[in-house]
Amino acid sequence: MIYRKEANFPYPVLSQFSLDYPEGAFHLDIDISELGSKSYRFAISYELKSPFLQNLLKKDKAELYIVFESKDVYFEKLDPFKDLNVDISKERISLDQKTNIQIFVVAKTRFSMRNNNELDPYYDNMKKDLYLSKGNVLAFSNVVKFNGDLKKPYQLFSMKVDKTIESEIKIELAQEFIQINFKKEEYKFPKFKNKEKLRYSYAYMGLQKALMKFLYDEGEQKEDPEIDIEEIDEPFNGLYFKLYTLMQEKNVTMLNTENVDEVIHAVSDNIIDKYCSAIEELDRDES
Amino acid sequence: MRVRLLKDSYFKEDTLYEDFLKDNIRENVKYISNEVLDIERDLPVFPVYMATGAEKARKEDFLEAFEVIENHYLGLDREILMSQKFWHSLLLIHFRDYLLEKYPQIKKSPSEFNRIVVKKFDWENYIYKALLAVQYVLPNTVSPQKAKYYRLIIDNLDVFNYIIKYKIFRNDIFLLRVLDIIDKNDLSKELKAEIHEMPGDERFGRRVIFEMNKEYPVIMSPMLDNALLEEIFLNHLHNYQKKYS
């Protein structure tokens, strides 16, 4: 039930993807602790920067909901003006798998946008005719994520020397990393000051292999597999989860055998360009 | 009961199927890790595959699965109950004899084995379906109602499947509200009916859930009250019925 698409709405909403409320913000922070051995406690703090929406909450014309999404969805209505702790039994929620949390403001009755002075001037002429209905989302916050089982959530690669491999380089997909093994230490460029960037060509190969494997393992059909990144469930496997998260963050919506290079471009922040400038740097240093 | 857990690599072993048939898994270090789960109760067997067979037998199997899960599994942490490795460990090591007797087709081919025993633990897996059914119904109902909802799920399996397929609808409150609407308006048959004019196996119930998925979050259907949800649900159904019948 988590919403993170950059979609257009038929009416103004407050979210990080929308410019409808130029001065607005809706930010969520969460602290988790264990409450005895049977439950988790989620301490919620949020900032809703919008007097208009605040007022709707105060007048009971809108409601605040929190949504937890792990293997399935759990949601609860929050009292926006009280201390916000949500306790959930471990029978109901697990945090070893990936968990996403988001809060929403939802309309409770029909009302007009006529007096909303926080909207972008674009709406000036039409807002008197804009009515929102019960059940419409008015604002959604950032998504807070927990990667319970990942040892190193932001590390994608692991490189090491293994003299026993039969090829010069061997790329393996480990539980949580793209593992790049080198037969010789020199292949890792240990002597160069920009060695990190020099290894980007290996990273490219690793990403290519990992994304193809991801595609064939998680795609539904075996021939010409295709994955709709916005629709699939979060992958079980740690490495696939990292790739999935990365693609989502970079707004990749589709992965197929044809667009792997474009996907790498989107998720990797110009690594070929950086690799190239590292070589140029070496050349300059020599001359 | 002590559950011995498999190594993470069990999935990749080419010999898994053969070794299962030969009863060569439970003592084999190739598959078994040092990890164990000590659970202070018995974890009995129950039907894990309800895709084939006569309708009556399938319904009975579902009810049996609900009952066993309710009485023996519920109350374990979700971390355990939602773990594919936990279930595959139980099936491969502890349920082996039962599975071979109940589903003799496993002996015929590895693909039957993959379908019944080491099936991915997601909405298409029958253990997963039964587990969510119990977890969603039980905490929200009292005794006579419980049986009613179990029956509604079994009688409306197609809609149930589509609700737990979409991540945004995989929720107890929403499921029960939809079942109430179906019950109140006696919609089982209509929702199950195929839409012959559409390609693939499309049914009216699936299209209603599909439309609500499309509308989310402009209309946050899981959070609506019963009356408004009913209105929206019936509206989508009538639109499709007008167009296709």
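A:Ser268 sits in helix H5 of chain A, which covers residues 260–268. The model is predicted. Is A:Ser268 buried or exposed? Its relative accessibility is 12%, so A:Ser268 counts as buried, the cut-off for that class being under 20%. The side chain of A:Ser268 has a polar partner too: one of its polar atoms lies 2.7 Å from the backbone oxygen of A:Ile264. In an α-helix, residues three or four places apart point the same way, because each turn takes 3.6 residues.

**The two chains**

Chain A has 6 helices and 15 strands. Chain B has 13 helices and 2 strands. The table sets out further values for each chain.

| Property | Chain A | Chain B |
|---|---|---|
| Residues | 287 residues | 245 residues |
| Buried share | 46% of residues | 56% of residues |
| C-alpha extent along principal axes | roughly 70 × 50 × 40 Å | about 60 × 40 × 35 Å |
| Accessible surface | about 15,200 Å² | about 11,200 Å² |
| Carbon and sulfur share of surface | 47% | 48% |

Sequence separation can be read from the contacts. In chain A, take the contacts with a separation of 6 or more: 64% of them fall between residues 24 or more positions apart. In chain B, contacts between residues at least 6 apart in sequence join residues at least 24 apart in 71% of cases.

**Chain A: two domains**

What is the radius of gyration of chain A? It is 24 Å, whereas a compact globule of 287 residues would have a value near 19 Å. The domain assignment splits the chain in two: domain 1 runs over 25–146 and domain 2 over 157–286. Their centres, taken over C-alpha atoms, are 36 Å apart. How many residues does each domain bring to the contact between them? Domain 1 of chain A supplies 5 residues, and domain 2 of chain A supplies 7 residues.

**Nonpolar cores**

Nonpolar side chains tend to be buried together in soluble globular proteins. The largest nonpolar core here holds 149 residues. Which of its members touch the most others? They are B:Tyr73 and B:Leu92. Helix H7 of chain B, residues 126–137, gives the most to this core, with 10 residues.

The surroundings of B:Tyr73 can be listed, leaving aside neighbours within four places in sequence. Its contacts include B:Leu43, B:Pro44, B:Phe46 and B:Val68. B:Leu81, B:Trp87, B:Leu90 and B:Phe95 are also among them. B:Arg41 is in contact with B:Tyr73 as well.

A second core is separate and has 29 residues. Among them are A:Ile178, A:Leu207, A:Met247 and A:Val263.

**Helix H4 of chain B**

Why does helix H4 of chain B, residues 84–94, count as largely enclosed by the rest of the structure? Because 10 of its 11 residues are buried. Those buried residues include B:Leu92, one of the two residues that touch the most other members of the largest core. B:Trp87 and B:Leu90 are buried in H4(B) too, and both are in contact with B:Tyr73. The buried set also takes in B:Gln84, B:Lys85, B:His88 and B:Ser89. B:Phe86, B:Leu91 and B:Ile93 are buried as well.

The N-terminal end of H4(B) is capped by B:Ser83. Here a side-chain oxygen of B:Ser83 lies 3.3 Å from the backbone nitrogen of B:Lys85.

Conventions:
Residues numbered from 1 in each chain as written. Chains lettered and ligands numbered in written order. Predicted model: local features only at pLDDT ≥ 70, side-chain atom pairs only at ≥ 80, totals over all residues. Heavy atoms only, no water. Helix = DSSP H or I, 4+ residues; strand = E, 2+ residues; numbered from the N terminus. Buried < 20%, exposed > 50% of the residue type's maximum accessible area, 1.4 Å probe, protein only. Polar contact = N/O pair within 3.5 Å; in protein donor to acceptor, adjacent residues only side chain to side chain. Core = buried A, V, L, I, M, F, W, Y, C linked by side-chain atoms within 4.5 Å. Contact = heavy atoms within 4.5 Å. Rg over C-alpha atoms; globule rule 2.2 N^0.38 Å. Areas by Shrake-Rupley, 256 points an atom, 1.4 Å probe, with all protein chains shown as cover. Domains from an automatic or database assignment.
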